[in-house]
Amino acid sequence: MHGAGAVGGGLAHPWQAPRAALSRPLLDPLAAVRAPDGPSRDVYLTGTVFLDIIFTGLDSAPVRGTESWARGMGSSPGGIANMATALARLGLRTSLAAAFGDDMYGDYCREELEAGEGIDLSLSHTVPGWHSPVTVSMAYEGERTMISHGHEAPPRKAGSPEGAGSHGGAYDPEAPGCPPPSTACVSSLVPGRAQEWIAAAARRGSRIFADVGWDETGRWDLAALAELPHCEAFLPNAVEAMRYTGTECPRAAAHALAEYVPLAVVTLGSEGAYAVDARTGEAAHVPGVAVEALDTTGAGDVFVAGFVTGSLAGWPLAERLAFAGLTAALSVQEFGGSLSAPGWPEIAAWWRGVGAHGPHRARYAFLERILAGCAASAPPRRAVPTLGFRPPEQPPS
């Protein structure tokens, strides 16, 4: 998908390759730091999976009372699937606890995440009679407008049979064994809504990375983020950071947040990110990588995934910011949320084709040592216009 009409009508059959050949990470960024007796999972996260339907190639926003035709269309898992996929494509052993709808959308999302991306869904389950939440996203002029519909998944009853078998386990983060032991956990903090599993994970030694959404209450009170004291890193965007701290610039906001968390990272969109490490006093700013943004859906999730990867691998702060910004920049050149996330082959292609020979050479020179031995692979799956395509029949041999 390298253009406005790259997904959708008029294209060849989108079946790309056998499932086992798709999106398998060719590089393990944590191989040198994993302890033999460490957790079996690198990252654990929980949340809601949406089916995303993306309309692309729109010249402008739809106008009331008129009909607009999109030149392209795609479908992919969304919601928490954006973060899970971004982490898995960077080679992190990712465990996701989520409820899936008892419909074709739910089946599709589960298959994409589990079989296609290698994400561990053993703590997820399917809810009988519950339909999948859906988001329709319209991408135009590098931005997007979204409409969503769904109902909160009902709480899982103790001892209920749904989800038994290969997908058994507990979705309820308060249930025994959940969250599972993991090196890190990623969450989105919600003002006034306690997430007890975060405290439980922190007590077990997991490193907590969190972002935050828009405060619908309008209070912007850091005290309402009950889990913030358990976080190693807090990654709001510039507007959120300034609202929560009452400051007038992102840098001042980052320094103010560093009084509450060990590591404050403020994302600046196309201008990069600024971070303050309260433990060392180090501050770093890395500009963004200039690209043509086709769809920004999920870019924030990809940034967090890149930063978590670099943090767990023990990279210096500036390298973590640079890597996170690069992965986010690569993602916005594709349509869709989860399936726009880059993997190591795409990162390697950027470095060897653009980064090593341009103005970013010095800043991204660290990629040379990381990418040693990373070869090309089958192209990653992208958002396709419909669900349920069957592989083309093979002629008899």
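Biologist: What makes the packing of helix α4 (residues 238–245) and helix α5 (residues 250–257) oblique rather than roughly parallel?

Modeller: In this predicted model, α4 and α5 pack at an angle of about 60 degrees, with their axes 9 Å apart. Axes are lines fitted to C-alpha atoms, for helices over the stretch in contact, and angles run from 0 to 180 degrees between N-to-C directions. Angles under 35 degrees count as roughly parallel, over 145 as roughly antiparallel, 65 to 115 as roughly perpendicular and the rest as oblique. About 60 degrees falls in none of the named ranges, and α4 and α5 are therefore oblique to each other. A238, A241, M242 and T245 of α4 meet P250, A253, A256 and L257 of α5 in this contact (heavy atoms within 4.5 Å).

Biologist: Which hand does the crossing of α4 and α5 have?

Modeller: The crossing of α4 and α5 is left-handed. The term applies if the near helix is turned anticlockwise from the far one by less than a right angle; clockwise gives a right-handed crossing.

Biologist: On what basis are the residues numbered, and what does the model count?

Modeller: Residues are numbered from 1 along each chain as its sequence is written, and side-chain values use heavy atoms, with hydrogens and water left out. As the model is predicted, local features need pLDDT of at least 70 and side-chain atom pairs count only at pLDDT 80 or more, whereas totals for chains, interfaces and linings use all residues.

Biologist: How many residues reach that pLDDT of 70, and where does pLDDT stay under 50?

Modeller: The mean pLDDT (the predictor's confidence in each residue, from 0 to 100) is 84 for the chain, and 82% of its residues reach 70 or more. Under 50 it stays over residues 1–23 and over residues 160–171.

Biologist: How many helices and strands does the chain have?

Modeller: There are nine helices and 14 strands. Helices (H or I, at least four residues) and strands (E, at least two) are DSSP runs, numbered from the N terminus.

Biologist: What is the span of helix α6 (residues 299–313), and what is expected of it?

Modeller: The 15 residues of α6 reach 21 Å from the first C-alpha to the last, close to the 21 Å expected at 1.5 Å a residue. The expected span is 1.5 Å times one less than the number of residues. After α6 comes G314, with a positive phi near 85 degrees.

Biologist: Why is α6 described as largely enclosed by the rest of the structure?

Modeller: The reason is that 14 of the 15 residues of α6 are buried. Buried means under 20% relative accessible area, exposed over 50%, partly exposed in between (1.4 Å probe, protein chains only). Across the chain, 52% of the 397 residues count as buried.

Biologist: What makes helix α1 (residues 80–89) oblique to α6?

Modeller: The two helices pack at an angle of about 40 degrees, with their axes 8 Å apart, and that makes α1 oblique to α6. The contact is made by N82, M83, A86 and L87 of α1 and by D301, V302, V304, A305 and V308 of α6. The crossing of α1 past α6 is right-handed.

Biologist: Why are α7 (residues 317–331) and α8 (residues 344–353) given another label than oblique?

Modeller: Their axes come within 11 Å and cross at roughly 100 degrees, and α7 and α8 are therefore roughly perpendicular to each other. F323, L326, T327 and L330 of α7 make the contact with W344, E346, I347 and W350 of α8.

Biologist: Is A329 of α7 buried or exposed?

Modeller: A329 has a relative accessible area of 8% and is therefore buried. Leaving aside neighbours within four places in sequence, A329 is in contact with V289 and V291.

Biologist: How do you know whether A275 is buried or exposed?

Modeller: A275, in strand β13 (residues 273–277), has a relative accessible area of 0% and is therefore buried. Its C-alpha lies 8.0 Å from that of L317, although A275 and L317 are 42 residues apart in sequence.

Biologist: What makes W220 worth singling out?

Modeller: Phi of W220 is near 50 degrees, a positive value in a residue other than glycine. Most residues other than glycine have a negative phi. W220 lies in the loop between β10 and β11 (233–234), and at 9% relative accessibility W220 counts as buried.
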